[in-house]
Protein chains: 2
Amino acid sequence: MLVIEDDPDVRYALLRGLHDRGHATSSAANGIAGLSEAKRREPDVIVLDLGLPDVDGVEVLKMLRAVSRIPVVVVTARDEERQIVAALDNGADDYVVKPCGVAQLEARIRAVLRRVGDKRRVEPLVVGGLVIDPRARTAVLDGDQLDLAAREFDLLNYLAERAGQVVSKRELLAEVWHFAYGGAEKTVDVHMSWLRRKLGESAQQPRYLHTVRRVGVKLTAPGEA
Amino acid sequence: MLVIEDDPDVRYALLRGLHDRGHATSSAANGIAGLSEAKRREPDVIVLDLGLPDVDGVEVLKMLRAVSRIPVVVVTARDEERQIVAALDNGADDYVVKPCGVAQLEARIRAVLRRVGDKRRVEPLVVGGLVIDPRARTAVLDGDQLDLAAREFDLLNYLAERAGQVVSKRELLAEVWHFAYGGAEKTVDVHMSWLRRKLGESAQQPRYLHTVRRVGVKLTAPGEA
DNA sequence: GTCGGGGTTAAGAGAATGCTAAGCGCCGGT
DNA sequence: ACCGGCGCTTAGCATTCTCTTAACCCCGAC
């Protein structure tokens, strides 16, 4: 889910609301950044404000449609009704008139996803003896339910989504902690340690959580590389 | 499909347009007539103009909501923004700003129908020893009927529809309380507490209502994760 | 040996939650 | 119109839990 919206207040409100509902979110404050984000992240849905500072929203939409068919929900202020038509003609999947609540927006998003066939995974993630259900926020290891704190679960979930890949601490700070910049990487170490304890392993004898020195960490099933 | 709209031109335009698209339609020119039509015909959707000659549209909505949960799409002129908020707070499912085309209105109607469509379940919800009948608005726990206030029932029902999933308080405020923005999350806590009492459990010893710290709450059958 | 990374543990600050009680508005009865 | 009850929200306080920071240790590379 990518939100392209210039007003920081609105953007933040949307991100928070959508994140709370279990969407993985990212955002951009203008059209150019939005397009590059869209290409980089390949979100399942894009929420696009028409009133962007740099490029007209409809232009953004055209450029998007030139390369992908990611569903787009357009958000627009009232006095841009002509643009709504243009947006729909250029492949927008739905639109919402501001001001609108997050609930309404999310309903539209759900509807759009349903329409195009929601490919979002609803199945739990499985990595070896680990089963992670993001919707229930439960993690089961070899049949035993793990009791994880919020960050611990988010961390494990993020790594499980990328099982087998090395993930840098900086990336974790950005994606799991939602720190735009900086943040102490040490914090990640601490949480990793706790996670290892709860997974019944240690850094010396890792089973799932592997440190890759100077690079980051990797979650793999035991026995695999 | 019932259209409650005082302006004859608009009314006929809507009726004709909607009829042409295969909806069974009826109409009323004022609030009183609209309410009696709604009661008599039990339409699947109601299109409600806020600017009625006899009764304020929001009042009509309130009266409607007192007796039914038929989806309502509100139609409003531009300068009635406060009323939009009031309408949504009183249970409107969506709104459209005039002037708008029939196509647009119909899209909204479709979206609303789609949204409530899955909710038109006739079967009661069952979660462990809990049986919830949304139509009768009754909840039974282990054979005993629970005496729930309106909000308590809505809350329980919403959670039961998503049994096993974690739901955030903000989502609850949006979906159960119909607060577009903000709202005090403490309110949810209080209702949760009351619900727990009536379910014969406490936060320390939960059976159905589980707190997921920093995320939200989850309704599950006892014994399940 | 020394330096840079990591790993682990400990502890305090701050946030989130649970619950009681008070306040308030709405509605039905009189 | 007045009264009383009920349901909902707000306020406050106690309590629990999480996250971060800080400190110290270990290890491998140079």
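1. In this predicted model, the helices α6(A) and α8(A) pack against each other at an angle of about 85°, and their axes lie 10 Å apart. Two packed helices are described by exactly these quantities, the angle between their axes and the distance between the axes. Since angles from 65 to 115 degrees count as roughly perpendicular, α6(A) and α8(A) are therefore roughly perpendicular to each other.

2. The residues that make this contact can be picked out on both sides: α6(A) contributes A:Arg151, A:Glu152, A:Leu155 and A:Leu156, which meet A:His191, A:Trp194 and A:Leu195 of α8(A). Sorted by class, the residues of the contact of α6(A) with α8(A) are four nonpolar, one polar and two charged.

3. Both helices also appear beside the DNA. Around DNA strand D there are 21 residues, and the closest of them are A:Ala149, A:Arg151, B:Ala149, B:Ala150 and B:Arg151. The elements that give two or more residues to this surface are α6 (150-161) and α8 (185-198) of chain A, together with α6 (150-161) and α8 (185-198) of chain B. The largest share, four residues, comes from α8(A). By class, the surface near DNA strand D divides into ten nonpolar, three polar and eight charged residues.

4. DNA strand C has 22 residues around it, of which A:Ser193, A:Ser202, A:Ala203, A:Thr211 and B:Ala203 come nearest. Here the elements giving two or more residues to the surface are α8 of chain A and α8 of chain B. The surface near DNA strand C is made up of six nonpolar, six polar and ten charged residues.

5. Chain A also holds an open sheet of three strands, in the order β10-β12-β11, with antiparallel pairing. Its edge strands are β10 (166-167) and β11 (209-212), each of which pairs on one side only. As background, strands of a sheet pair through backbone hydrogen bonds, either parallel or antiparallel. In the pairing of β11(A) with β12 (residues 216-219) of chain A, which is antiparallel, there are four bridges, and a reader can locate A:Leu209 standing opposite A:Leu219 in β12(A).

6. Is A:Arg69 buried or exposed? This residue sits in the loop between α3 (57-67) and β4 (72-76) of chain A. A residue counts as exposed if 12 or fewer other C-beta atoms lie within 10 Å of its own, and A:Arg69, with 10 other C-beta atoms within 10 Å, is therefore exposed. A:Arg69 and A:Asp44 are 25 residues apart in sequence, while their C-alpha atoms are 9.8 Å apart in space.

Conventions: Residues numbered from 1 in each chain as written. Chains lettered and ligands numbered in written order. Predicted model: local features only at pLDDT ≥ 70, side-chain atom pairs only at ≥ 80, totals over all residues. Near = placed C-beta within 6 Å. Nonpolar A, V, L, I, M, F, W, Y, C, P; charged D, E, K, R; others polar. Axes fitted to C-alpha atoms, helices over the stretch in contact; angles between N-to-C directions. Parallel < 35°, antiparallel > 145°, perpendicular 65-115°, else oblique. Contact = placed C-beta atoms within 7 Å. Buried ≥ 20, exposed ≤ 12 C-beta atoms within 10 Å, placed from the backbone. Pairing = 2+ DSSP bridges.
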